[in-house]
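Colleague: Could you take me slowly through one part of this model, the nonpolar core and the helices and loop of the chain that belong with it? I am in my first year, so please spell out the reasoning as you go.

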Amino acid sequence: MENDLVTRIEGHPQYIELKAKRTRFGWWLSLAGMIAYYGFILLVAFDKPFLAQKLGNGVTTVGMPLGVAVIVFTIIITWFYVRRANREFDTLTEQIVKGVLK
Amino acid sequence: MSLDRRNARTLARILALTVLAAGAVAAYAAGADLGQTQKQATNWTAIGMFGTFVLITLGITKWAAARTKSAADFYTAGGGITGFQNGLAIAGDYMSAASFLGISGLVFASGFDGLIFSIGWLVGWPVITFLMAERLRNLGKFTFADVAGYRFAQTPTRIFAASGSLVVVAFYMIAQMVGAGQLIKLLFGMDYLYAEILVGSIMMMYVLFGGMTATTWVQIIKACMLLGGATFMALAVMLQFGFSPEAMFAKAVEVHSKKSAIMGPGALIKDPVSAISVGMALMFGTAGLPHILMRFFTVPNAKEARKSVGWATTWIGYFYILTFIIGFGAITNLIPNPAHYFVGGDVAKGLVGGGNMAAVHLAGAVGGNWFLGFISAVAFATILAVVAGLTLSGASAVSHDLYASVWRHGRVDQAQELRVSKITTVGLGIVAVVLGIAFEKENVAYMVMLAFVIAASANFPVLFMSVLWKDCTTKGAVAGGFVGLITAVTLTIGSASVWEKVMHYPAGSAWFPYDSAAIFSIPAAFLTIWLVSILDRSARAAVDRAGFPAQQVRSETGIGAETGGGH
């Protein structure tokens, strides 16, 4: 890519906005995913009795819904990112492409 | 072109081989643990279904062959795969026979512990979505080295990336090939040797003639069959309990020898360091597997790349919930009926065919012999499809990275590169069969885990730092990558699963006390990349750093990205 084009895109306000928004959003969601997962793993490592404790009178334990919740949460945050990127980030990208390539 | 005729002839040979192999087999029925399985009675239903799968997929290969002309077609299906299709294909690559039979078997044996593992296999995907998928698509062409080495000196980066890819592919491949041989004895009642040759030759035909297009469609079909079959089994189990998980758990606790211990974490995770280390290997290893990374180059743009991970995560997560239900279904259906499913009718002696047979026996219990055949065929088709993907990624590392970039310095035409990748495919096919036979009696349980640890410690840090950190240099990336690779392999050799179980040193003599090297080898790689890069004052380092803005613009916007078609 020519240096001139790179310089023009780098200074483009929408590019700066896209970069900042996507990076921040990506890191926050990654952090959320890691907290959910490592939180669960730390419970497994340090507090097994908590996970093995029964819910009500049945045999189902706290760990079961919690484990399934980590799986569902993982899927949800992935789509959460995809939806916002499809709407917001792609629009910004289109604006940048139109702005610099004419 | 004689391609079609050659296809047809090879197909006929394979079918003849299938029939021959099946006919030559004597019937045996006995149990063993999965490491060494015993040959079972010939299962004609399973063989017939598998034959049908092979026929259909070879038909697709023929169709794909007509579309595979350029190097881009061969490596990336010409970039013509949609996000939804690619999501299924990625899920297919990831849902190997080991995860289907292994995790349901683990749930059957110890309940909740199986869930801990499934979660670990899944959580790498969001990280790939948020930080890697779009950037990979925007920067890449055929291999992950295109991305990792975008602004770096080509020769050292490509040599590192090809080593990282080939080592991961090799370990993953051996595990799959040995698994294929053991499975075919168990499920089809055929000889180990025939399984190796069968997988090797069919897989070679997919890759050789149909390239990425065929490899992707084989994977999609297999993913649908596996998801369909697993859904049916899970529904059948839930129906028995009026769709009440509580009722299913209650029955499982009642019949299982470990009683209510199966409802909480057990012995699988022995210490906190191992728990976190295994978690890190699974989470970051996914983002460094070459056969997964190459799938991001098969879609037309960043939007489709991101949608593919969305779908892949959804299908994989759904699949793990199914395997969990299947594992509990196996507890409630098989244990009350020991005469049918257990060695000598004694639950304590284990399942006929070994612990990984839980899902297969459950298939017979809820769907009869026909369905048992179907699930057996799916399990074998799974290995075939995964091996095809691995071979293609290995072949592209050799032809695109080593031959075209390192050896010929990019001065090579498409036809030559394509010829080299096809020769490599044949070579890798033969190597896979030979390794599969050589490792028949070895304990290969650690190999998939080792592949993940290496991917997480060598490929992932280099990819991550080169794309996201502006001061990363060629020297830093290559040094850090090799440090990660060597640390991962060395520490794994010192762990109990290799030192004691493979090298047969006395119990307790392993000098690396944890289950996974990742917690040490991943930081070692990142630290080395960082340290070497900031100390790097060479002329090349200045070029590397100066190249970052252009790389970043392309990775963020896709301007200048490969279109996937002809160039």
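Modeller: In this predicted model, the largest nonpolar core holds 240 residues, and the members that touch the most others in it are Phe380(B), Val387(B) and Ile454(B). The element that gives the most to this core is helix H16 of chain B, residues 358-407, with 30 residues.

Let us stay with Ile454(B) for a moment. Once residues up to four places away in sequence are set aside, Ile454(B) touches Val167(B), Val168(B), Leu485(B), Ala488(B) and Val489(B).

Next comes helix H18 of chain B, which runs over residues 445-468. Of the 24 residues in H18(B), 22 are buried, so that the helix is mostly covered. Its length can be checked by simple reasoning: at 1.5 Å a residue, the 24 residues of H18(B) should span 34 Å, and because the C-alpha atoms at its two ends are 34 Å apart, the expectation and the model agree. H18(B) nevertheless has a kink of about 35° at Phe460(B), shortly before the proline Pro461(B).

The same check can be made on helix H14 of chain B, residues 302-334, where 33 residues at 1.5 Å each should span 48 Å, while the end C-alpha atoms are 47 Å apart, which agrees. H14(B) is mostly covered as well, with 29 of its 33 residues buried.

A loop residue makes a useful companion to these helices. Met95(B) sits in the loop between helix H4 (83-94) and helix H5 (97-110) of chain B. It counts as buried because it has 26 C-beta neighbours inside 10 Å, where 20 or more are needed. Leaving out neighbours within four places in sequence, the contacts of Met95(B) are Phe100(B), Ala223(B), Leu226(B), Ile316(B) and Phe319(B). One of these pairs shows how the chain folds back on itself in space: Met95(B) and Ala223(B) are 128 residues apart in sequence, yet their C-alpha atoms are 7.7 Å apart.

Finally, chain B also has a partner, since 44 residues of chain A are in contact with 46 residues of chain B. On the chain A side, two or more residues come from each of helix H1 (3-11), helix H2 (13-46), helix H3 (48-52) and helix H4 (63-101) of chain A. The largest share, 19 residues, comes from H4(A). Sorted by class, this side of chain A has 28 nonpolar, 12 polar and four charged residues.

Definitions and conventions: Residues are numbered from 1 along each chain as its sequence is written. Chains are lettered from A and ligands numbered from 1 in the order in which they are written. This is a predicted model: local features need pLDDT of at least 70, side-chain atom pairs count only at pLDDT 80 or more; totals for chains, interfaces and linings use all residues. Two residues are in contact if their C-beta atoms, placed from the backbone, lie within 7 Å. Helices (H or I, at least four residues) and strands (E, at least two) are DSSP runs, numbered from the N terminus. Ala, Val, Leu, Ile, Met, Phe, Trp, Tyr, Cys and Pro count as nonpolar, Asp, Glu, Lys and Arg as charged, and the others, Gly among them, as polar. The expected span of a helix is 1.5 Å times one less than its number of residues. The bend at a residue is the angle between axes fitted to the seven residues ending there and the seven starting there. A residue is buried if 20 or more other C-beta atoms lie within 10 Å of its own, exposed if 12 or fewer, and partly exposed in between; C-beta atoms are placed from the backbone. A nonpolar core is a set of buried Ala, Val, Leu, Ile, Met, Phe, Trp, Tyr and Cys residues joined through C-beta atoms within 7 Å.
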